[in-house]
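Let's take a relaxed walk through this model together. Have a look at the fold below, and then we can start with a simple question.

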Amino acid sequence: MKTDAPGPFSCEIYLKSWQLGYRSGDTKLHIDNCFFCQPIVHGGTEEFSLSAADQAKKNIADRKRLGRRRFFARSAVAATVLGIAIFGAGRFLDKSTESAAPGGIVAEIAVDFGTLDGLYASYGRPRIESIISNGKTTQVTRTLRWIHARKHTSMYDLICGAAGSSDIEIQVFTYSVLHMMDRQALKSHLGLLQSSVRQIRNQEIRHEFDALLAEIESL
Amino acid sequence: MIKLNGPRLVEAGSAVCITATNVGAGFSAIADPASAGVHLKVTIDLKKHTATICFVAPAAGTGVIIHVTDSVVAKGSSHSLIVRR
């Protein structure tokens, strides 16, 4: 059997027929443009011996097997990536209400609203309650819980009260919020802030709060 | 969950580095808008799953809040610090 190799798959066609039992003695193949065999047959046009055909067959089989493996590997990777993406999107949406909440959410609400009702009105009560009750423990969540535990109290009272938390993270976070709040408005809540600051045990942090208190008092 | 480790009190103008562990490919960090003037430089080592967030401490008496998130797997976190007077 002889093939003039019109296209890249001519060799494959030949091999298929060869597999079906066409093993006549004149198995010679011209593979001018054989896509599969060119790596093992140099020079393009060559007469193909049976042993070379065996090698080509093995080569093709290997490539097919490898191709299938790649296909399954790629499918597995694609499925994993899709799964992670879906999972990640869920987590991201979850996070977007918490740690990625508008920067300094407490500061924002403190400045703009002043009460927990204002917070509900702005961000929606379910969202805020979800942040408070979802069991996670970022600074924002902890501070919101602090606020939530003192419903309908002035936001300034709440922020000033949060300074007295025993959690050093809330103390530092509260300081970061306090330093950007209206000092004059804070002055009217000086008593609470002073009593909160007195509860801070870490001397270095206490010192910073004292300096902030002195700044407010001097107004 | 991404964990952050860093100082709570720093000197104004000093270089501050916060290390983050359990970091994935989607890691990103931002300075809270309350921390105006803080520009972060973030380096990530995906082999060790760690990241370093560096910035220059702003004016004395201010506070800095850094938020980090990993949009793929780990939960976000935040770190705050005070710039010493």
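What percentage of the 219 residues in chain A is buried? Buried residues account for 42% of that chain. Please keep in mind that we are looking at a predicted model.

## Chain A at a glance

Chain A contains 11 helices and two strands. Following the sequence from its start, the elements come in the order β-α-β-α-α-α-α-α-α-α-α-α-α.

What about contacts along the chain? Taking the contacts in chain A with a separation of 6 or more, 59% of them link residues that are 24 or more positions apart. On the outside, chain A has an accessible surface of about 11,500 Å², and carbon and sulfur atoms contribute 57% of that area.

## Two nonpolar cores

In soluble globular proteins, nonpolar side chains tend to be buried together. Here, the largest nonpolar core holds 24 residues, and the members that touch the most others are A:L178, A:M181, A:L186, A:L193, A:I205 and A:F209. Several helices of chain A take part: α7 (155–162), α8 (168–178), α9 (183–187), α10 (190–198) and α11 (203–217) each provide at least two residues of this core.

A second core of 20 residues lies apart from that one, and its members include B:I2, B:V10, B:F27 and B:F55.

## A buried serine in a loop

Between α7 and α8 of chain A there is a loop, and A:S165 sits in it. Is this serine buried or exposed? The relative accessibility of A:S165 is 5%, and the cut-off for buried is under 20%, so A:S165 counts as buried. Its side chain also has a polar partner: the side chain of A:S165 reaches the backbone nitrogen of A:D167 at 3.0 Å.

## The sheet of chain B

Now over to chain B, where four strands make up an open sheet with antiparallel pairing, in the order β1-β3-β6-β5. Which strands stand at the edges? They are β1 (3–5) and β5 (41–45) of chain B; each has a single partner strand, so one side of each has no neighbour in the sheet. On average, neighbouring strands of this sheet are turned by 20 degrees against each other, with direction ignored.

The edge strand β5(B) is worth a closer look. Five bridges connect β5(B) with β6 (residues 50–56) of chain B, and the two run antiparallel. Within the sheet, B:T43 stands opposite B:T52 of β6(B).

Methods
Residues are numbered from 1 along each chain as its sequence is written. Chains are lettered from A and ligands numbered from 1 in the order in which they are written. This is a predicted model: local features need pLDDT of at least 70, side-chain atom pairs count only at pLDDT 80 or more; totals for chains, interfaces and linings use all residues. Side-chain values use heavy atoms; hydrogens and water are left out. A nonpolar core is a set of buried Ala, Val, Leu, Ile, Met, Phe, Trp, Tyr and Cys residues joined through side-chain atoms within 4.5 Å. Buried means under 20% relative accessible area, exposed over 50%, partly exposed in between (1.4 Å probe, protein chains only). A polar contact is a pair of N or O atoms within 3.5 Å; within protein, one must be able to donate a hydrogen and the other to accept it, and residues adjacent in sequence count only if both atoms are side-chain atoms. Two strands pair if DSSP finds at least two bridges between them. Axes are lines fitted to C-alpha atoms, for helices over the stretch in contact, and angles run from 0 to 180 degrees between N-to-C directions. Contact means heavy atoms within 4.5 Å. Accessible areas come from the Shrake-Rupley method with a 1.4 Å probe; for residues, only the protein chains shown count as cover.
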